[in-house]
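Notebook open, coffee poured. I want to look up a few side chains and helices here and jot down what turns up.

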Amino acid sequence: MRAHIDTEPSEAERSEKRSSMKLVVLGATGGTGLEIVRQAIERGHSVTALVRSLDRLKAFRSRITVEQGDLLNSAELKKVIRGHDAVLSAFGPRVPIAKADAHLRHQFAGALTSAMRRAGVRRVVIESVAFLFKNSVLPPAYLLGRLFFSGTIADTSAMERVLEERELDWTIVRPPELTDKPYTGKYRVREGHCLVSVSKSRARMWPIS
């Protein structure tokens, strides 16, 4: 089990050398998902993406495996995840969040953890939200979330509880607002605490080794 990490790895993690891995990327067609795919390819990892629409991955189609399916379907997830080393997820509802998606992250967590257990894969890194940091003063993340994004707080909290209750090797990443600024190679990490930041580059959030 891993602690909640705001975004940025330690010196030891940066220097650690890892061999090529077989990764499943979920939510691969969103801004963060595309960045995960790009970095994973650049670092020599094998990538499989399970998506609803194939269009946004055209630029990577010759370098990754793309499966079309439903990320809320545990059986479809199991078929894709089996035989891989880890799952990286940037999956979440589109903003503004429709009423039909009010419990999307919770539903997804249930389907994903069930699929991983049956596929025999334990390692998962999943994107959450900084609004869940209750001890953050600057910015007052939890207070702002409760005032303006109570639905997001409820759904994402439920997602995290599902992960924490399963016997998985999980890391929950709680970023602030994400931007499309380029990767710089410089980043910090705090376990269980929100960094003093109102925005962060997607490229810096997922420094894949």
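Started with R174: it is buried, at a relative accessible area of 8%. Worth keeping in mind that this is a predicted model.

Where does R174 sit? I found it in the loop between β7 (169–173) and β8 (177–179). Next I checked what its side chain touches, and got a polar contact of 2.6 Å with the side chain of E160. That pair also comes up as a salt bridge, 2.6 Å from N to O. E160 belongs to helix α6 and R174 to the β7–β8 loop, so the bridge ties together parts 14 residues apart in sequence. Both partners are buried.

Then I went over α6 itself, residues 150–165. With 16 residues at 1.5 Å each, the helix should span 22 Å, and I get 23 Å between its end C-alpha atoms, which agrees. Its buried residues include D155, M159 and E160, the last being the partner of R174.

Salt bridges next. How many does a search of the whole structure find? I get six. One of them joins R123 and D169, at 3.8 Å from N to O. R123 is in strand β6 (residues 123–127) and D169 in β7, so this pair ties together parts 46 residues apart in sequence. Both R123 and D169 are buried.

R38 and E42 make another salt bridge, at 2.7 Å from N to O. Both are in helix α2 (residues 31–42), four residues apart, or about one turn. That spacing fits the textbook: an α-helix has 3.6 residues a turn, so residues three or four places apart point the same way. Burial check: R38 counts as partly exposed at 27% relative accessibility, while E42 counts as exposed at 54%. I also see a salt-bridge network linking E35, R38, E42 and R43.

Last stop, α3 (residues 74–81). Which of its residues are buried? I noted S74, L77, V80 and I81. Looking down the helix axis, they fall within an arc of 125 degrees, so they line one face. I followed their packing and hit β2 (22–26), β3 (46–51), β4 (65–68), β5 (86–89) and α4 (104–119).

I checked both ends of α3 too. At the N-terminal end, N73 is the cap, with a side-chain oxygen 3.0 Å from the backbone nitrogen of A75. Just past the helix, G83 has a positive phi of about 90 degrees.

Technical notes: Residues numbered from 1 in each chain as written. Predicted model: local features only at pLDDT ≥ 70, side-chain atom pairs only at ≥ 80, totals over all residues. Heavy atoms only, no water. Buried < 20%, exposed > 50% of the residue type's maximum accessible area, 1.4 Å probe, protein only. Helix = DSSP H or I, 4+ residues; strand = E, 2+ residues; numbered from the N terminus. Arc of directions from axis to C-beta. Contact = heavy atoms within 4.5 Å. Polar contact = N/O pair within 3.5 Å; in protein donor to acceptor, adjacent residues only side chain to side chain. Expected span 1.5 Å × (residues − 1). Salt bridge = Lys/Arg side-chain N within 4 Å of Asp/Glu carboxyl O.
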